[in-house]
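Q: I have a structure open in the viewer and would like to learn how to read it feature by feature. Could you walk me through it?

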Amino acid sequence: MASRVFPALRKVNPYYATDYGEAWLGDARRLLKLIPDNSVDLIMTSPPYALLKQKQYGNEAAEKYIQWFRPFAREFYRILADEGSFILNISGSWNEGAPTKSLYQYKLLLDLCDPQSKSPRRYRFHLAQEFYWFNPAKMPNPVQWVNVERIRVKEAVEYVWWLSKNERPRANNRKVLTAYSESMKKLIRRGTYNYGMRPSGWNVGKHWNADNRGAIPPNFLPVQLIDPPLNVLIESNTVSNDAFRRKCRELGETAHPASFPAYIPAFFIEFLTESNDVVVDPFAGSNTTGKVADDMKRRWVSVESTEQYLRASRLRWCTDEGKQT
Ligand SMILES: C[S@@+](CC[C@H](N)C(=O)[O-])C[C@H]1O[C@@H](n2cnc3c(N)ncnc32)[C@H](O)[C@@H]1O
């Protein structure tokens with residue numbers, strides 16, 4: 001059959017499809033080659049991290065990580081539209097046998113973006129902005145340094161890098177406003193403010209306390225967004241995430257061990273894309289991205305190499321009225 005997402009693709013064999021998207025089973029290095037150049041508005045993904053403790057689906061060692069990532073990066077750059085965005089969620093890691101951190105994710109960032117790098121590659125992304133995801137559910141790890149010797153603290157932050165092909169990727173922060181703080185609400189009500197230069201050198205302008213319907217969100221996730229339908233979606237997706245896991249248990253399917261919460265893709269899809277745009281997740285896992293994109297009426301393609309995860313991910317559409325073929 002022809003692809004619903006990329007009509008120029010005459011022959012695809014999705015593992016499953018919905019009105020908006022397709023889940024493809026296989027190695028993303030190979031399958032992404034099918035996608036036409038400059039045709040994707042958002043790549044939203046979380047690859048296996050270079051962790052010391054191996055995940056069930058396997059992961060590369062820190063020393064080999066950049067080499068491993070390069071073939072993916074080449075395809076990401078090729079398929080991304082000029083004003084598109086690539087959101088990469090990645091976690092830090094520790095050095096083997098020492099209470100010190102690996103620098104692998106910074107080396108990867110340099111490889112993806114650094115104009116000085118002499119590596120043989122066909123990509124050069126811009127770092128549009130970094131985000132930090134506060135994830136208190138992370139385990140205290142490595143146990144030796146955190147729980148036994150008590151010389152390190154619990155890690156609770158992951159990196160979420162917003163990369164782009166050009167310096168001005170399409171984005172609109174008006175779509176992801178957060179609620180004003182109580183003190184800001186008071187200032188807006190009062191209507192006057194002590195404008196002018198602050199000791200920090202910051203010049204507070206005349207429109208500083210204008211009511212813009214909400215505050216510009218910080219680069220720290222999760223943010224509490226105020227605008228429906230996004231909030232409603234996040235709310236219902238959290239519920240459907242739980243429903244999805246229950247459904248997996250009920251049917252004896254393996255729920256993915258490291259899925260990200262729906263608000264991560266929901267935030268970036270709302271911020272960086274419009275209805276009918278194309279969202280790709282090349283390391284789809286339980287296909288959180290595909291489900292959120294589907295709910296938000298974006299076209300999507302998700303690629304996952306482990307069949308049991310992709311098979312289970314279908315159940316995301318069986319917990320509500322989502323349509324699948
Ligand atoms: C961190 S998980 C992604 C979880 C996902 N964000 C979710 O919410 O469920 C990374 C996934 O990448 C998959 N993967 C690893 N190598 C791959 C490859 N070459 N092509 C496609 N998927 C791959 C793994 O099987 C794993 O499920």
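A: Gladly! Keep in mind that this is a predicted model. Let us begin with the ligand: of the 21 residues around it, Ser 259, Phe 283, Gly 285, Ser 286 and Thr 288 come nearest.

Q: Which helix and which strand each supply at least two residues of the shell around the ligand?
A: They are helix H1 (28–31) and strand S11 (299–304).

Q: How many residues of each class does the shell have?
A: The shell around the ligand has 10 nonpolar, 8 polar and 3 charged residues.

Q: How should I read the sheet, and in what order do the strands come?
A: Follow the pairing from one strand to the next. Here 9 strands form an open sheet with mixed pairing, and the order is S1-S2-S11-S10-S3-S4-S6-S5-S9. The edges are taken by strand S1 (16–17) and strand S9 (220–221); each has a single partner strand, so one side of each lacks a neighbour in the sheet.

Q: Where can I see parallel pairing, and how many bridges are there?
A: Look at S10 and S11, which run parallel and are joined by 4 bridges. Within this pair, Val 278 stands opposite Arg 299 in S11. To get from S10 to S11 the chain passes through helix H8 (residues 288–295), and this β-α-β crossover is right-handed. S10 also runs parallel to strand S3 (residues 40–45), with 2 bridges between them. There, Leu 42 is opposite Val 279 in S10.

Q: Which strands run antiparallel?
A: Take strand S4 (residues 80–90) and strand S6 (residues 157–164), which are antiparallel and joined by 6 bridges. One register to check is Asn 89, whose bridge partner in S6 is Val 160.

Q: What is the general idea behind a nonpolar core?
A: In soluble globular proteins, nonpolar side chains tend to be buried together. In this model, the largest nonpolar core has 66 residues, and Leu 42, Ile 43, Ile 87 and Ile 269 have the most contacts inside it. Helix H7 (residues 263–272) gives the most to this core, with 8 residues.

Q: Which residues does Ile 43 touch?
A: Leaving out residues up to four places away in sequence, Ile 43 touches Phe 76, Leu 80, Phe 86, Ile 87, Val 280 and Pro 282.

Q: And S10: are its faces covered or open?
A: Both faces of strand S10 (residues 278–281) are covered. Val 278 and Val 280 are buried on one side, and Val 279 and Asp 281 are buried on the other.

Q: Now the backbone angles. Where are there cis peptide bonds?
A: Omega is the angle to check. A cis peptide bond joins Asn 141 and Pro 142, with omega about -10°. Pro 142 is in the loop between strand S5 (126–134) and helix H4 (143–148). Another cis bond joins Leu 221 and Pro 222, where omega is about 5°. Pro 222 sits in the loop between S9 and helix H6 (230–251).

Q: What about phi: which residue other than glycine has a positive value near 60°?
A: Asn 287 does, and it lies in the loop between S10 and H8. Arg 150, also not a glycine, has a positive phi of about 60° and lies in the loop between H4 and S6.

Q: Is Asn 287 buried or exposed? And is Arg 150 buried or exposed?
A: Count the C-beta atoms around each. Asn 287 has 30 others within 10 Å, so this residue is buried. Arg 150 has 8 others within 10 Å, so Arg 150 is exposed.

Technical notes: Residues are numbered from 1 along each chain as its sequence is written. This is a predicted model: local features need pLDDT of at least 70, side-chain atom pairs count only at pLDDT 80 or more; totals for chains, interfaces and linings use all residues. A residue is near a molecule or strand if its C-beta atom, placed from the backbone, lies within 6 Å of it. Ala, Val, Leu, Ile, Met, Phe, Trp, Tyr, Cys and Pro count as nonpolar, Asp, Glu, Lys and Arg as charged, and the others, Gly among them, as polar. A nonpolar core is a set of buried Ala, Val, Leu, Ile, Met, Phe, Trp, Tyr and Cys residues joined through C-beta atoms within 7 Å. A residue is buried if 20 or more other C-beta atoms lie within 10 Å of its own, exposed if 12 or fewer, and partly exposed in between; C-beta atoms are placed from the backbone. Two residues are in contact if their C-beta atoms, placed from the backbone, lie within 7 Å. Two strands pair if DSSP finds at least two bridges between them. A crossover is right-handed if, with the strands pointing away from the viewer, the path from the first strand over the helix to the second runs clockwise.
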